[in-house]
Amino acid sequence: YKNDVWGREVLQGVSWELLWLVVAAAFIAIAAHAIYEATQKRGEKPSSEGPKVSRHELIDRAGHWIMALSMFALLITGVFPIIGIEFAWLELHWIAGIILTIIIAFHIVRSILVRKPSDMWINGNDLKEPMDDTQKPGKYSVAQKGMHAAVTILTLLVIVSGIIMFAMIDTPWWERSNSLSEATLGLVFFVHGLSTLGLIGVICMHIYFALRPEKLFYTRSMIKGWISRDELAANHDPQRWTPDETS
């Protein structure tokens, strides 16, 4: 909190001391999951050889990596100065923000017009997966859908609050505005900072799962676009997801 020009106490933003709490919580969760997985017996790893099926089209893979790079650019330019690594960050930050906003808008439109948004909704069958080893997911598992929902909510909060903040600075298209009260601007800073902290935690978990040995075939599919028929049979229910063969 701070005192505004009238001497009233107003919200200034989120406490960035929470950053270390978020990072610590993420790594504790990662360590706990890694220990749990180390105690589990797994069958033979499915082969990546043989016939292949398409999992991600090129346009979706490109969108994913552009989104990832813009998010990392935003986190670096937004968080590093706060922890004491000083550089000229503001212009780089809002440029990355514009790129993220455009790619998210494109993704939403494509999801509505080309894809089925319901594919990412968590349903009753998804909720059975953690409790029943025989219950295999469709294209996306309940964990992947949950991760997607968390990233969607947090990213939209970051973008909306970021657009409001963008109007408050000098840009090549307009001069800064002082139209918001300090209390309102503090609330915007709070939402932007809190959603940023949430994204840091979720991204830590996302990277961890992307690098787990049994999940690397998903990461490969986000690079090359395919998984093998053997990987499909081992990890997915063909009745719930029937992808096309790929050349």
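## Exposed and buried, to begin with

A residue is called exposed here when its relative accessible area is over 50%, and buried when that area is under 20%. With those words in hand, let's walk through this predicted model.

## The overall picture

The protein holds 8 helices and 4 strands. Following the sequence, they come in the order β-β-α-β-α-α-α-α-α-α-β-α. Taken along the principal axes, the C-alpha atoms fill a box of roughly 70 × 40 × 35 Å.

Of the 247 residues in the protein, 32% are buried. Contacts that reach far along the chain are well represented: among those between residues at least 6 apart in sequence, 73% join residues at least 24 apart.

## Helix H1 and its two sides

Helix H1 covers residues 18-38, which makes 21 residues. From the first C-alpha of H1 to the last, the distance is 30 Å, close to the 30 Å expected at 1.5 Å a residue. Buried in this helix are Leu19, Ala26, Ile30 and Glu37. These residues sit on the same side of H1 because they cover an arc of only 35° around the axis. A general point helps here: an α-helix has 3.6 residues a turn, so residues three or four places apart point the same way.

Turn to the other side of H1 and you will find Trp20, Leu21, Ile28 and Ile35 exposed. As for the buried residues of H1, their cover includes helix H2 (58-79) and helix H6.

## Where H5 meets H6

H6, met above as part of the cover over H1, also has helix H5 as a partner. H5 spans residues 142-166 and H6 spans residues 182-211. Their axes come within 9 Å and cross at roughly 145°, and the crossing is left-handed.

The contact draws on many residues of each helix. On the H5 side they include Met147, Leu154, Val158 and Met165; on the H6 side, Phe189, His192, Leu199 and Phe209 are among them. Sorted by class, this contact has 15 nonpolar and 8 polar residues, with no charged ones.

## A closer look at His93

His93 lies in helix H3, which runs over residues 90-113. Its relative accessibility is 17%, and because buried means under 20%, His93 counts as buried.

Which residues does His93 touch, leaving aside those up to four places away in sequence? They are Leu74, Thr77, Gly78 and His192. His192 also appears in H6 as part of the contact with H5.

Methods: Residues are numbered from 1 along each chain as its sequence is written. This is a predicted model: local features need pLDDT of at least 70, side-chain atom pairs count only at pLDDT 80 or more; totals for chains, interfaces and linings use all residues. Side-chain values use heavy atoms; hydrogens and water are left out. Axes are lines fitted to C-alpha atoms, for helices over the stretch in contact, and angles run from 0 to 180 degrees between N-to-C directions. Helices (H or I, at least four residues) and strands (E, at least two) are DSSP runs, numbered from the N terminus. A crossing is left-handed if the near helix is turned anticlockwise from the far one by less than a right angle, and right-handed if clockwise. Contact means heavy atoms within 4.5 Å. Ala, Val, Leu, Ile, Met, Phe, Trp, Tyr, Cys and Pro count as nonpolar, Asp, Glu, Lys and Arg as charged, and the others, Gly among them, as polar. The expected span of a helix is 1.5 Å times one less than its number of residues. Buried means under 20% relative accessible area, exposed over 50%, partly exposed in between (1.4 Å probe, protein chains only). The arc is that of the directions from the helix axis to the C-beta atoms.
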